[in-house]
Amino acid sequence: MSSSTLPTPAPPTEAPVGRYLLYLVLAGVAWGTAGAAASLVFAASDLGPMALSFWRCAGGLVLLLAALRLRGPRPAALAEPRRRRVLRIAVTGIGLTVFQSAYFAAVDATGLAVGTVVTLGAGPVLIACGARLLLGERLGRGGIAAVAGALAGLAVLVLGGDTGTVRPTGVALALLSAAAYAVMTVGTRRLGRDGGGDALTGTAWAFAVGSAGLLPLALAEGLLPHGTHTPAVLGLLLYVAAVPTALAYALYFTGAARVRSATVSVIMLLEPVSAAVLAVTVLDERLTAATVAGTALLLSAVAGLAVAETRGRGRG
C-alpha cells in the first residue's frame, strides 16, 4: 500500500461535554460527603472549622503533588501563558479559601440550615449574573426554569426541617462564601474556556494558596485534634483530603472550564442532596417529606440543565 492510500489520522477532538458533566456530578456528590465527615470530626474531637479547612487543603495538596509526580511532566500542548496561569491560580486559590472558610464560619454563626441555604441559594444567582456580564452567557427560558427549580428544591430541602436562628453576621458570611464561589466558578470558566492549562496542576496550586491563607486561622483556633478518638479523626481527615478535596476539586475545575457557568452552579447543588442522603443513612437523621421533595426537585433541575447543555453543544 502506497503512502498516498494510507488513512489520514483524525485530528484530536475535545472530549464530549457529557464527560465534563459527569466530572461535575461526581464532584458534587463527593463534596456532599465532606459535610458528614466534618460532622463526625467535630463530634469526636475539638477541631474547629478553620483547622478542618486547613487540613483539607493541605492534605489535598500533598495527594495532588504525589499524583503529579507519578504522572510525570505534562504535554507541551497544555502549556498556557504565564500571566494567565498566575491569574488563574490566584483566582481559584483565593476563591477556594474564602468559599470554604466563610461557609464554615457562617454555619458556626447562624446554623447549618440558614448558612447552607444562603450560600448555595445565592451562589447560582451570583454566578448567572457574573457569567452574563463577563462571559456573555445566556440562560434561556429552560435555564431560567431549571435554576428556579433548583433554588426551590434547595429551599425545601434545607428549610423543610428545623431552622437555626438567623443572625446578620452569619448571613453576611454566607453571602461572602457565595460570592467567592461565584468568582471561582466564573473565573475558572473564563480562564479555561480557550484551552490550555492543566487542571491537576492548577488545583494543586489552588490548594497551596488555600493552605497558606488558612494556616494562621487554624493555628489561632487549634491546629491538632485532641481526644480519645484521635485515630478515627485522622482517618476522617485523610478521607476528606482525598475524596471530597483532591479528587473532587480536580474533577470540578476540569468540568467547570468546559461547561457553562450557570449549569455548573446548578449541578453543584447535588452537594446538599448527597449530604441529605448521608444524614439519613449514616447519621441516623429522620427522612422527611421535605427531604424527598427537595431532592427530587434538585435532581430534576440538574437533569434538565445537563440535557440542555448537551443539546446546545451538539448544535454547536
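Helices here are DSSP runs of H or I with at least four residues, numbered from the N terminus. In this predicted model, T97 lies in helix α3, which spans residues 82–110. The protein as a whole comprises 11 helices and 0 strands. The points below cover the overall architecture, the nonpolar cores and two individual residues, T97 and P244.

**Overall architecture**

- Along the sequence, the elements follow the pattern α-α-α-α-α-α-α-α-α-α-α.
- The protein has 316 residues, of which 48% count as buried.
- Among contacts with a separation of 6 or more, 92% join residues 24 or more positions apart.
- The exposed area of the protein is about 15100 Å², and carbon and sulfur atoms supply 68% of that area.

**Nonpolar cores**

- The largest nonpolar core holds 53 residues, and M184, Y249, Y252 and M268 touch the most other members.
- Two or more residues of this core come from each of α1 (17–44), α2 (49–71), α3, α4 (112–135), α6 (168–192), α7 (199–221), α8 (230–256) and α9 (261–267).
- The greatest contribution to this core is that of α8, with 10 residues.
- Beyond its neighbours up to four places away in sequence, Y252 touches L24, A27, W31, Y181, M184, T185, V264 and M268.
- A second core, separate from the largest one, has 6 residues, including L120, A150, V266 and A301.

**T97 in helix α3**

- T97 has a relative accessible area of 11%; because the cut-off for a buried residue is under 20%, T97 is classed as buried.
- The T97 side chain reaches the backbone oxygen of G93 at a distance of 2.8 Å.
- When residues up to four places away in sequence are not counted, T97 touches V209, G210 and L214.

**P244 in helix α8**

- P244 is located in helix α8, the helix that gives the most residues to the largest nonpolar core.
- The relative accessible area of P244 is 0%, so this residue is buried.
- Apart from neighbours within four places in sequence, P244 is in contact with A30, W31, T33, A34, R56, Y239 and Y249.
- Among these partners of P244 is W31, which Y252 also touches.
- Another partner of P244 is Y249, one of the residues that touch the most other members of the largest core.
- The C-alpha atoms of P244 and A37 are 9.8 Å apart in space, while the two residues are 207 residues apart in sequence.

Note on methods: Residues numbered from 1 in each chain as written. Predicted model: local features only at pLDDT ≥ 70, side-chain atom pairs only at ≥ 80, totals over all residues. Heavy atoms only, no water. Buried < 20%, exposed > 50% of the residue type's maximum accessible area, 1.4 Å probe, protein only. Polar contact = N/O pair within 3.5 Å; in protein donor to acceptor, adjacent residues only side chain to side chain. Contact = heavy atoms within 4.5 Å. Core = buried A, V, L, I, M, F, W, Y, C linked by side-chain atoms within 4.5 Å. Areas by Shrake-Rupley, 256 points an atom, 1.4 Å probe, with all protein chains shown as cover.
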